[in-house]
Amino acid sequence: MSLHPTLQPYADAWTHSIEAISELVTPLVEGEWNRRTPCPGWSVRDVVSHVIGLDCEMLGDPRPIHTLPRDLYHVTNEQQRYTEMQVDVRRHHTAPEMTSELEYVIIRRNRQLRNESRDPGAKVRGPYGSELTLEESMRRHAFDVWVHEQDLRAALGRPGSLDSPGAHIARDYLLAELPAVVAEKADAPRSSAVVFDVHGPIEFLRTIRVDIQGRGTLETAPALGPAATLTLDWETYVRLACGRVTPDAVADRVKAEGEPQLTAAILSNFTVTP
């Protein structure tokens with residue numbers, strides 16, 4: 001294995017999630033591929049198409065030449081149009097076509113990872129024509145594929161993997177976005193602190209401190225007399241942060257203490273995924 005040790009956790013997380021996805025969808029009959037998922041506008045087939053498309057792009061395959069229909073209500077901007085291309089091009093594929101393409105792309109990606117010898121800092125092609133490091137690309141990819149595994153589990157009534165390698169990547173990915181949510185989007189008071197107490201398969205207690213300049217930082221030390229405390233389970237945290245549910249829909253699963261306007265502002269700005 002020539003993969004750099006820094007990249008190995010992301011490869012392991014991807015492997016665990018993609019194999020779980022394959023196991024989930026391989027036995028599905030044709031009608032089950034049309035089940036709605038929590039991902040807005042997407043069926044099981046669409047989510048799997050997106051995952052296949054993500055891995056094709058990691059492989060450096062050319063993007064499909066395809067014209068999107070004009071009546072896709074969930075596609076409202078160029079970023080979504082870019083993402084939807086890999087999905088819509090597979091919308092009429094049969095169940096055997098979907099599972100065989102997924103299986104083939106997994107084989108190709110495993111071969112790519114076995115032969116990967118680039119440095120984590122090497123520049124690679126990112127989405128929307130961007131450029132990013134190989135480490136950041138693999139980190140985002142591990143996160144994306146785990147989140148979509150959760151979408152499929154929700155649609156198929158097969159919960160699981162909430163403490164898998166991908167879940168731990170997701171925890172760190174989402175926590176890194178919290179300072180901006182609290183300090184910038186929710187405009188928390190300066191020189192204040194907001195505590196997040198998360199329980200379940202993955203547990204953590206984190207404090208966002210907002211300094212006198214209004215900048216937020218993530219800390220592990222608990223705060224005395226925080227401006228707000230949000231207590232919720234890990235699955236609800238993920239669903240909120242990934243835009244799969246609204247705060248109102250999970251109000252019974254979130255305990256908000258402190259200034260009501262601040263907690264409402266944090267929850268209404270909690271989604272950090274595109």
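**A walk from helix H6 to the sheet**

Hi everyone, let's start with helix H6, where Gly 166, Ala 167, Ile 169, Ala 170, Arg 171, Tyr 173, Leu 174 and Leu 175 are buried. Before going on, please note that this is a predicted model, in which local features need pLDDT of at least 70, side-chain atom pairs count only at pLDDT 80 or more, and totals for chains, interfaces and linings use all residues. Residues are numbered from 1 along each chain as its sequence is written, and side-chain values use heavy atoms, with hydrogens and water left out.

Two terms will come up all the time. Buried means under 20% relative accessible area, exposed means over 50%, and partly exposed is in between, with a 1.4 Å probe and protein chains only. Helices (H or I, at least four residues) and strands (E, at least two) are DSSP runs, numbered from the N terminus.

Back to H6, then. This helix spans residues 165-175 and is mostly covered, with eight of its eleven residues buried. What does the covering of the buried residues of H6 include? Helices H1 (8-25), H5 (134-156), H7 (178-185) and H8 (234-241) take part, along with strands E4 (204-210) and E5 (216-219). Contact here means heavy atoms within 4.5 Å.

Those two strands take us to the sheet. It is an open sheet of five strands in the order E5-E4-E3-E6-E7, with mixed pairing. Two strands pair if DSSP finds at least two bridges between them. Which strands are at the edges? They are E5 and E7, each pairing on one side only. Neighbouring strands of this sheet are turned by 15° against each other on average, direction ignored. For angles, axes are lines fitted to C-alpha atoms, for helices over the stretch in contact, and the values run from 0 to 180 degrees between N-to-C directions.

Let's look at E4, which has neighbours on both sides in that order. Five of its seven residues are buried, so E4 is largely enclosed by the rest of the structure. With E3 it pairs in the antiparallel sense over seven bridges, and there Phe 196 stands opposite Arg 206 in E4. E3 and E4 form a hairpin with four residues between them, and Gly 200 in the turn has a positive phi of about 125°.

On the other side, E4 and E5 are also antiparallel, over four bridges. Thr 207 stands opposite Glu 219 in E5, Ile 208 has Leu 218 as its bridge partner, and Arg 209 faces Thr 217. The hairpin of E4 and E5 has five residues between the strands, and its Gly 214 takes a positive phi near 90°.

Now for one residue of E3: Ser 192, in the strand of residues 192-199. Is Ser 192 buried or exposed? It is buried, because its relative accessible area is 13%. A polar atom of its side chain lies 2.5 Å from the backbone oxygen of Pro 189. Leaving aside neighbours within four places in sequence, Ser 192 is in contact with Ile 208, Arg 209, Val 210 and Ala 227.

Helix H9 (residues 260-268) lies near the other end of our tour. It lies across E3, E6 and E7, running at about 45° to E6. Its buried residues are Leu 262, Thr 263, Ala 265, Ile 266 and Leu 267, and their cover includes H7, E3, E6 (228-233), H8 and E7 (254-258).

Last, the rings. Rings of Phe, Tyr and Trp (its six-membered ring) pair if their centres lie within 6.5 Å; planes under 30 degrees apart count as stacked, over 60 as edge-to-face and the rest as tilted. The structure holds seven aromatic pairs. One of them joins Phe 204 and Trp 234 edge-to-face, 6.2 Å centre to centre with 75° between the planes. Phe 204 lies in strand E4 and Trp 234 in helix H8, so this pair ties together parts that are 30 residues apart in sequence. Tyr 237 and Phe 270 are also edge-to-face, at 5.1 Å centre to centre and 85° between the planes. Tyr 237 is in H8 and Phe 270 in the segment after H9, so here the parts tied together are 33 residues apart in sequence. Finally, ring pairs link Trp 146, Phe 196, Phe 204, Trp 234, Tyr 237 and Phe 270 into a cluster. Thanks for listening!

How values were computed. A polar contact is a pair of N or O atoms within 3.5 Å; within protein, one must be able to donate a hydrogen and the other to accept it, and residues adjacent in sequence count only if both atoms are side-chain atoms.
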